[in-house]
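User: Could you take me through this structure, beginning with the overall fold and then turning to some local packing?

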Amino acid sequence: MSSYLKDDQQKCLFKVNREVFIDPEILEIERNEIFDKCWLYIGHESEVPNKGDFHRRKVGGRNLLFTRGNDGVIRALYNSCPHRGALVCREGKGNSKVFRCFYHAWSFNTQGELVGLPDKFGFLEDHNCDGSKNMLAVKRLESYRGFVFVNFDDNAISLEEYLAGAKEYLDLVADQTEVGMEVLQDPQEYSVRANWKLLCENSFDLYHGVPTHKTYFDIVATRGGIMEKDSLAGEARALGNGHAVMEYYAPWPRPIGKWIEGYGEEAKEIIDKINARLVEKFGEERAHRISKKNRNILIFPNLVINDIMAIAIRTFYPIEPGYMQVTAYALSPINETDGFREVRNDSYLEFLGPGGFATPDDNEALELCQEGFLNTKEVGWNDISKGMNREIPQATDEEQMRAFWREWDKLMTEAESKKEEAGKVEV
């Protein structure tokens with residue numbers, strides 16, 4: 001174990017060195033050993049349903065085009081012209097038969113193949129016979145239940161192997177409808193002046209829920225969402241490869257299965273029918289889990305799926321040790337009525353949106369942590385020990401965070417070992 005963690009099972013003690021949140025050299029190692037080698041979420045299949053559909057995405061520090069080619073295949077193309085390097089596509093999204101570079105008008109089809117260029121007689125006839133003038137595609141692109149990931153490491157394990165126990169929880173999200181899920185167009189984008197790992201922790205930290213978001217809980221109570229004895233009860237689980245989850249009950253509504261008065265009578269009938277279909281398809285136990293329980297899932301390193309009063313997909317990437325950019329998407333069943341979709345969206349925006357009751361609170365908390373790290377020389381460690389004294393960690397414990405940190409530490413330690421070995425060889 002590196003010097004970044006203190007992990008003492010016998011003393012029920014787990015601490016993280018605060019240098020990991022402020023050191024630029026650590027961030028550089030993270031980019032090389034984590035973001036360059038782990039599977040990273042790029043989008044959902046529902047975002048490119050038609051041939052020629054595309055979205056510009058930044059993933060792992062790269063500019064990519066998430067597109068479905070005219071051959072029907074989903075790809076991630078590096079958005080860089082092989083001629084002089086300019087971005088080929090400047091639009092954020094759309095549908096096109098051709099991507100045309102603004103600089104010298106080289107044109108590419110939706111598979112990334114060069115199909116046109118001015119003054120082609122200034123080049124040899126076979127100048128692209130090896131395909132080197134085509135837009136380069138990310139070699140490793142795989143999907144699971146509609147969630148599409150890329151990996152920049154040619155030697156990485158398969159996506160399914162990488163997801164490990166997280167597949168069970170992605171299934172619980174995808175199985176909420178028999179006709180499929182869809183991402184609502186136009187993500188929400190914002191930045192936070194805090195280290196990216198703080199958002200990983202925060203995303204499945206139920207311990208902070210009531211004190212930090214008290215206003216939201218008070219509002220939910222006025223609409224019939226009462227804190228019951230099992231509210232916020234559940235468990236935290238490590239899922240392998242740094243992935244983790246907390247699964248629990250909560251007082252807020254769930255459009256898939258928990259009605260409150262604030263939803264209105266029409267929504268009650270719709271939710272009852274949804275529950276009946278789930279029971280018919282999966283049986284009482286699994287239907288109850290899908291519809292009544294909440295899940296905050298982290299797919300290591302930077303994909304968060306909050307399946308709570310609505311479903312949010314969040315990804316984030318560090319620009320500096322104390323600055324990250326965040327992108328958030330809403331995920332919904334395809335077959336919802338307009339009226340019920342409005343109910344779901346209101347729930348999403350009210351809590352999970354960038355102007356909701358949760359996100360600004362969380363961002364403020366993370367930025368306050370980053371400010372506090374100015375004292376790292378004297379106050380050098382974060383404590384993440386809650387729940388280590390329990391045989392089965394509760395949802396309000398920190399087991400899921402420890403799973404994240406152990407995987408992070410493993411990758412960083414391996415990187416340091418490689419660096420030391422390389423130094424010995426040079427000597």
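Analyst: The answers below go from the whole chain to two helix pairs and one residue.

Analyst: This is a predicted model, in which local features need pLDDT of at least 70, side-chain atom pairs count only at pLDDT 80 or more, and totals for chains, interfaces and linings use all residues. Residues are numbered from 1 along each chain as its sequence is written, and side-chain values use heavy atoms, with hydrogens and water left out.

User: How many helices and strands are there in the protein?

Analyst: The protein has eleven helices and 21 strands; these are DSSP runs numbered from the N terminus, helices being H or I of at least four residues and strands E of at least two.

User: What radius of gyration does the protein have?

Analyst: The value is 23 Å, which agrees with the figure near 22 Å for a compact globule of 427 residues. The radius is taken over C-alpha atoms, and the globule rule is 2.2 Å times the number of residues to the power 0.38. Along the principal axes, the C-alpha trace spans about 75 × 65 × 35 Å.

User: What share of the residues is buried?

Analyst: Buried residues are 52% of the 427, where buried means under 20% relative accessible area, exposed over 50% and partly exposed in between (1.4 Å probe, protein chains only).

User: Now the helices. At what angle do helix 7 and helix 8 pack?

Analyst: Helix 7 (residues 265-282) and helix 8 (residues 284-292) pack at about 140°, their axes 7 Å apart. Axes are lines fitted to C-alpha atoms, for helices over the stretch in contact, and angles run from 0 to 180 degrees between N-to-C directions. Helix 7 is therefore oblique to helix 8; angles under 35 degrees count as roughly parallel, over 145 as roughly antiparallel, 65 to 115 as roughly perpendicular and the rest as oblique.

User: Which residues meet there?

Analyst: Asn275, Leu278, Val279 and Phe282 of helix 7 meet Glu284, Arg286, Ala287, Ile290, Ser291 and Lys292 of helix 8, contact being heavy atoms within 4.5 Å.

User: And helix 4 with helix 10, at what angle do they pack?

Analyst: Helix 4 (residues 196-203) and helix 10 (residues 359-372) pack at about 135°, with axes 10 Å apart. Leu198, Leu199 and Asn202 of helix 4 touch Asp362, Leu366, Cys369 and Gln370 of helix 10.

User: One last topic: is Thr315 buried or exposed?

Analyst: Thr315, in strand 19 (residues 311-320), counts as buried because its relative accessibility is 13%. Beyond neighbours within four places in sequence, Thr315 is in contact with Tyr41, Asn302, Leu303, Gln325, Val326 and Thr327.
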